[in-house]
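Here's a walk through a few helix contacts, a cavity and a pocket. Have the model open while you read.

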Amino acid sequence: MSKNVTVIPPSEKNPDTLRVAAYCRVSSDSSDQLHSYASQIRKYTEEIGQHEGWELVDIYADEGLTGTRMEQREDFNRMMADCRKGRIDKVLVKSVSRFARNTKDCLAALRELMGLGVTVYFEKENINTETLTTELMVSVSGALAQQESISTSQNQRISYKRRMERGEFITCKAPYGYRIKDGKNLEIHEKEAAIIRLIFTRYLSGESTTEIAAALTDMGLRTRDGKEQWNTFAVSYILRNEKYIGDALCQKTLATDSFPFIKKRNQGEKDQYYVDATHPAIISKEMFDRANALIQRRSSTRGMSKKKYLLTKTIYCGLCGSVFSRKETKSGYVTWACRTHNDQSRKCPMGRIPEGEIYAAFVRMYNKLKLHEGIILKPVLTQLHDLNEALQRDNPAMLEVNKAIATASEQSYKVSTLRSRGLLDEAACSAKLLDIEAKLTELRRERRRLLKNEGIEEVMDTLRQTADIIHSGPEQLDSFDEALFSDLVEKITAESQTRIRFRLYGGIELTEQRPEVGR
């Protein structure tokens with residue numbers, strides 16, 4: 001029995017015609033949103049219409065939306081629905097960030113479209129999912145992650161600025177002496193607050209920041225970051241911090257607008273907001289004002305009792321070894337030169353170096369060191385530590401001291417854990433921890449005494465202090481900082497009029513060459 005067969009002719013659709021759509025979106029932070037919105041639609045209409053073999057399906061456009069949630073984008077969802085119905089072969093998008101700002105949703109949409117046979121071309125990144133590889137998928141993910149970081153940062157900045165304008169205190173990390181309560185308010189931490197008061201009292205009684213830092217270290221007190229070693233920078237920062245009188249200066253630092261974001265000190269680039277009485281005070285305003293007035297007086301006469309100028313007996317000639325002396329013209333222009341050259345120039349050809357160039361070289365050196373502190377300082381400390389360990393490895397007495405230090409440290413950890421869980425009384429815990437810290441301080445002294453080579457331990461301590469100063473120092477130095485220079489630089493060697501070598505406390509030496517004009 002013959003069967004009835006019906007022939008179905010092919011569709012009239014030209015197999016060589018590619019059905020192309022475009023998706024565009026203008027974010028809500030665009031300064032000329034409507035113009036950009038219209039120009040994108042016009043651009044894609046013309047581009048698809050003029051391309052041979054392409055047939056325009058539609059222009060899908062969402063206006064003035066954040067793009068972080070797929071369900072809020074009506075035209076995007078309409079485009080996805082048309083793709084599921086088989087109406088689209090290819091989608092053009094300006095950039096990955098215009099397609100979606102959420103990595104998870106973006107990749108899910110791309111996988112679905114690839115399964116439907118629909119390709120997506122991102123113009124800015126030059127990514128075509130028709131030839132999508134693992135590397136290209138990583139590129140999509142990376143582009144989205146960067147955009148998410150930028151978007152999150154911008155939203156945070158807007159939120160922070162509005163809160164600052166309203167006088168609401170902003171902090172992500174409580175200063176030493178405080179703890180964050182309820183996620184936004186500062187409350188006094190009495191044990192640390194007592195140390196803050198001690199710092200101000202000792203400074204006003206005549207002690208220097210160096211003496212105070214040494215005293216706090218000898219007392220076995222920890223810094224805000226839990227370090228044993230205090231430095232002058234940390235003490236100076238506390239003395240200058242308005243937080244301790246209950247006020248807040250907002251936006252002391254700022255982040256650059258471009259990616260990657262770099263944090264730097266705000267020196268007038270953006271508004272600052274000084275807000276009174278944002279939280280409980282640890283010291284009185286009168287004590288704070290007296291301390292800062294004393295800082296100003298000491299700064300203006302810094303080192304006068306020992307040396308008249310900051311660079312006195314600090315710069316030495318790299319050719320003959322003589323110390324440099326200072327000369328100032330009537331107009332106030334200051335230079336430093338080798339004394340041998342000054343007396344008889346034929347004996348040493350080293351010429352004068354402007355003081356401003358020495359200061360500029362320090363700024364360049366500090367910024368490089370800050371940027372690469374992990375590469376420059378960490379290996380040196382590691383090598384010294386390994387050498388120190390090798391020297392004391394076979395010392396029985398040293399082994400006993402190290403065991404005692406480990407036991408005391410473990411006791412300190414256990415007491416702190418019990419206190420955090422509310423299982424021990426706060427006062428009893430504080431007293432016990434102080435006893436343990438005192439014991440640890442004594443044990444560390446004994447360990448230093450037993451060292452076969454105490455010079456290594458001293459160098460390590462000095463280098464650690466230098467590393468701490470750099471780590472806690474400003475992210476970027478835009479102008480010369482006299483206090484920072486005093487804390488870091490032990491000696492300067494002038495190798496030529498354009499090349500000087502800084503020796504930092506702890507033995508690290510770094511050379512700076514004056515940049516050529518126009519470069």
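Helices (H or I, at least four residues) and strands (E, at least two) are DSSP runs, numbered from the N terminus. This is a predicted model, where local features need pLDDT of at least 70, side-chain atom pairs count only at pLDDT 80 or more, and totals for chains, interfaces and linings use all residues. Residues are numbered from 1 along each chain as its sequence is written, and side-chain values use heavy atoms, with hydrogens and water left out.

Let's start with the enclosed space. On a 1 Å grid over the protein atoms alone, a cavity is a set of points where a 1.4 Å probe fits but cannot get out, while a pocket is an open set with protein on both sides within 12 Å along at least five of seven lines; lining residues have an atom within 4 Å of a point. Grid points are joined across faces, edges and corners, and a volume is the space filled by probe spheres set on the points. The structure has one cavity of 30 Å³ or more, and the largest cavity comes to about 70 Å³. Helix H11 (355–371) and strand S17 (499–504) each give at least two residues to its lining, with H11 supplying the largest share, four residues. Among the lining residues are Glu357, Arg364, Arg499, Glu512 and Arg514.

On to the second largest pocket, at about 480 Å³. It has 25 lining residues, and Arg179, Lys191, Glu192, Arg222 and Thr223 sit nearest its centre. Strand S6 (178–181) and helices H6 (190–204), H13 (396–420) and H14 (426–450) are the elements giving two or more residues to that lining.

Now the helix packing. Axes here are lines fitted to C-alpha atoms, for helices over the stretch in contact, and angles run from 0 to 180 degrees between N-to-C directions. Helix H7 (209–218) packs on helix H8 (232–240) at about 110°, with the axes 8 Å apart. That makes the pair roughly perpendicular (65 to 115 degrees; under 35 is roughly parallel, over 145 roughly antiparallel, the rest oblique). In the contact (heavy atoms within 4.5 Å), Thr209, Thr210, Ile212, Ala213 and Leu216 of H7 meet Thr232, Val235, Ser236 and Leu239 of H8.

H6 and H8 also cross, at roughly 95°, with axes coming within 10 Å, so they too are roughly perpendicular. Here Ile196, Ile199, Phe200 and Tyr203 of H6 face Val235, Ile238 and Leu239 of H8.

How do these groups of residues divide by class? Ala, Val, Leu, Ile, Met, Phe, Trp, Tyr, Cys and Pro count as nonpolar, Asp, Glu, Lys and Arg as charged, and the others, Gly among them, as polar.

| Group | Nonpolar | Polar | Charged |
|---|---|---|---|
| Contact of H7 with H8 | five residues | four residues | no residues |
| Contact of H6 with H8 | seven residues | no residues | no residues |
| Lining of the largest cavity | four residues | two residues | five residues |
| Lining of the second largest pocket | nine residues | seven residues | nine residues |

Back to H7: Thr209, Ile212, Ala213, Ala215, Leu216 and Thr217 are buried (under 20% relative accessible area; exposed is over 50%, partly exposed in between, with a 1.4 Å probe and protein chains only). Their cover includes H6 and H8. After H7 comes Gly220, with a positive phi near 75°. Gly220 is touched by Thr441, as are Asp218 and Met219, leaving aside residues up to four places away in sequence. Thr441 belongs to H14 and, at 11% relative accessibility, counts as buried.
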